[in-house]
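Here's a quick tour of a protein for you to follow on screen. Take a look at the sequence and the structure, then read on.

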Amino acid sequence: MRRIAMAAAALAVAGAGLAVVTGTAAAAPVDASLGCRLYFSDAGTGTSPTTWADTFTLSQSPASPAAGQTVTVTLAAVAGVTNGPVPLNAGDVPVRVTVALGGAQTGTVTLDQAAYPAAAKAAGVPLGPISATGTYTATAAGTVTLVVRQVAFANTTATTYCSASGDRDHKAAPVDTPVTASAVVTPGPSGSASPSASASASPSASASASASASPSASASSTEAATPAETFGPASVTMKCKTLSTIRDWTATHTLTMSPANPGYGANVTVTYTFDNGGKNGPAPIAAGDLKPTATVKLSGAQSGTVKLTGPAYGSIAAQATVPGATLTGQFVAGTPGVVTLTVADILFDHPQVDTECNKGSDPVTSPADTTIVARFTVKSTPATPSEVTGEALPKTGDGGILPVILLWGTALLLTGVGALVVLPRRARRRIVLE
C-alpha cells in the first residue's frame, strides 16, 4: 500500500515590514506574507486558501555582473511552509520559484530546490529552510530588477502555489510578491550586450522528485527532434500474489507519455494499458468492486513516482478473464534531460482481498520493477502554455480537506482458500481460516 500526501501551507500571518535594496547589493531580508492555494493533480483553480508568512531573502551572484555573464539567483526562506496533517518523507515536496526580470532586461528565471524538505517531517510542523537557485544570462547593461512572482511546492499528487497575499488562483493568475532585489549590469568586454534578448531559466524540480544539476540556459537545437521511446505493445509475464498464492500473469502491455518532448514545467500524462487482467477465481466480482492501479518510477534527469489509476471494472463472472484496462496519471516535468519511466508494480483494488503484480519472485515480500520501461526528453526551455495546462485529471478528495490517497490492491479470488474474514476497509487485514 502506498500513501501520498501533499502539505498545504498553513502559517499564521507575520509582520509585513518590507525592504527593497537598489544598486548592486543583495536585498535585505524581507518579512512578507504570501497567499497560497492547493491544486490536486496540479489542475483546477485551487482550494484550501492559506497564508504563508516567512522571512525571505532574494540575492544574486555576482552582485554586479557584466553583460554576457551567467548570474545565479537564490531565494531563501527561514522557516518554510508548515506541513499539513500527514507526515512527509525527505524530498517529497520540491520547490519551484518564478522570478520576473524587469528594467534593462526582461524575462523570467526559474529557481528550484529539489530535495525539500531536507529530512522527514511530522504533521503540522514547519518544513524547514528553503534555498532555491537558478541562473540567467545578463544581456543588457543597466539596472535589472528581480521580483519573486510565484512559489510552487510540487508534490506528485497535489501542488501548492503561492504569490502575493490575498486569495486568488495563484497558479494561473499570480501577483508579484514584495520580495525583490536589483542590480546594475555593466557593459561586457566588447561594450555591448550578449545576443540573447531575455533571461533564460534554470528548471524547477517536479513533484516528489530529486533533481540533478541545473541545466544549460538555452535549449539544444536538436531537442525538439529527440524521439520518445515508448514501450510496447509487447507481451510481458510477471508474478501476481493473492493472499499466499503466487501465479504468473501474461498480458500485452503499452506505456506512453504525452507530450513526449516537452519543456520543463509541462504537465505530462502517463498512460499504461494491458489487454487482460488475468483469470478471476471461483467467486464473481460485482460491478464497481474491482479497480486497477499502478506505480511508475521516474529516474534519470528526474526521480520520484507517479500513481496511475483506471476506471472500475463492471461485473466479472467466476473463472472469467478479467478485462484489460487503461491507467493514467500526471506529473510535472521539472528537470531537462532524459527521463525514464518504469512500471514498478500493478495492484487491483477490491474491498476483500489484494492482488499485487510485479517481477519479484514474491511480489509482496520481495517486489521488483517490471521490464515495462519508456523514456522521453524534457527540453531546457520552458513549457508552452498548452503543455503547462496539460490534460487535467479528476480531482481527488473533498475540496476543503487535504486527502491521503490510499492505493489498495485487487480481488482476484483464487481457489484453495478457506473461509475469509474481512475487517473494515480503513483497517483491513487478511485472515484466512484453513
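Let's start with one residue: T370 counts as buried because its relative accessibility is 5%, and the cut-off for buried is under 20%. Keep in mind that this is a predicted model. After T370, we'll look at an exposed residue, a cavity and the protein as a whole.

**T370, tucked into a loop**

- You'll find T370 in the loop that runs between β19 (355-358) and β20 (373-382).
- What does the side chain of T370 reach at 2.7 Å? That would be the backbone oxygen of V343.
- A polar atom of the T370 side chain also lies 3.1 Å from the backbone nitrogen of I372.
- If you skip its neighbours within four places in sequence, T370 is in contact with M238, T342, V343, A344, N358 and K359.

**A287, out in the open**

- A287 sits in a loop too, this one between β14 (267-279) and β15 (291-300).
- Is A287 buried or exposed? A287 counts as exposed because its relative accessibility is 55%, and the cut-off for exposed is over 50%.
- Along the chain, A287 and Y313 are 26 residues apart, yet 6.1 Å separates their C-alpha atoms.
- Leaving out neighbours within four places in sequence, the contacts of A287 are Y313, G314 and S315.

**The cavity**

- Rolling a probe the size of a water molecule over the atoms shows where empty space is left.
- How many cavities of 30 Å³ or more does the count give? The count comes to one.
- The largest cavity holds about 50 Å³ of space.
- The lining of this cavity has 12 residues, and those closest to its centre are S41, D42, T156, Q330 and F331.
- Both β9 (158-164) and β17 (321-332) supply at least two lining residues each, with β17 giving the largest share, three residues.
- Sorted by type, the lining has four nonpolar residues, seven polar ones and one charged one.

**The whole protein**

- Strands are everywhere you look in the count: there are 23 of them, along with one helix.
- The protein has 434 residues, and 52% of them count as buried.
- Take the contacts between residues at least 6 apart in sequence: 75% of these join residues at least 24 apart.
- The accessible surface adds up to about 16,700 Å², and carbon and sulfur atoms account for 57% of that.

Definitions and conventions. Residues numbered from 1 in each chain as written. Predicted model: local features only at pLDDT ≥ 70, side-chain atom pairs only at ≥ 80, totals over all residues. Heavy atoms only, no water. Helix = DSSP H or I, 4+ residues; strand = E, 2+ residues; numbered from the N terminus. Buried < 20%, exposed > 50% of the residue type's maximum accessible area, 1.4 Å probe, protein only. Contact = heavy atoms within 4.5 Å. Areas by Shrake-Rupley, 256 points an atom, 1.4 Å probe, with all protein chains shown as cover. 1 Å grid on protein atoms, 1.4 Å probe; cavity = no way out; pocket = protein on both sides within 12 Å on 5 of 7 lines; lining within 4 Å. Points joined across faces, edges and corners; volume = space filled by probe spheres on them. Nonpolar A, V, L, I, M, F, W, Y, C, P; charged D, E, K, R; others polar. Polar contact = N/O pair within 3.5 Å; in protein donor to acceptor, adjacent residues only side chain to side chain.
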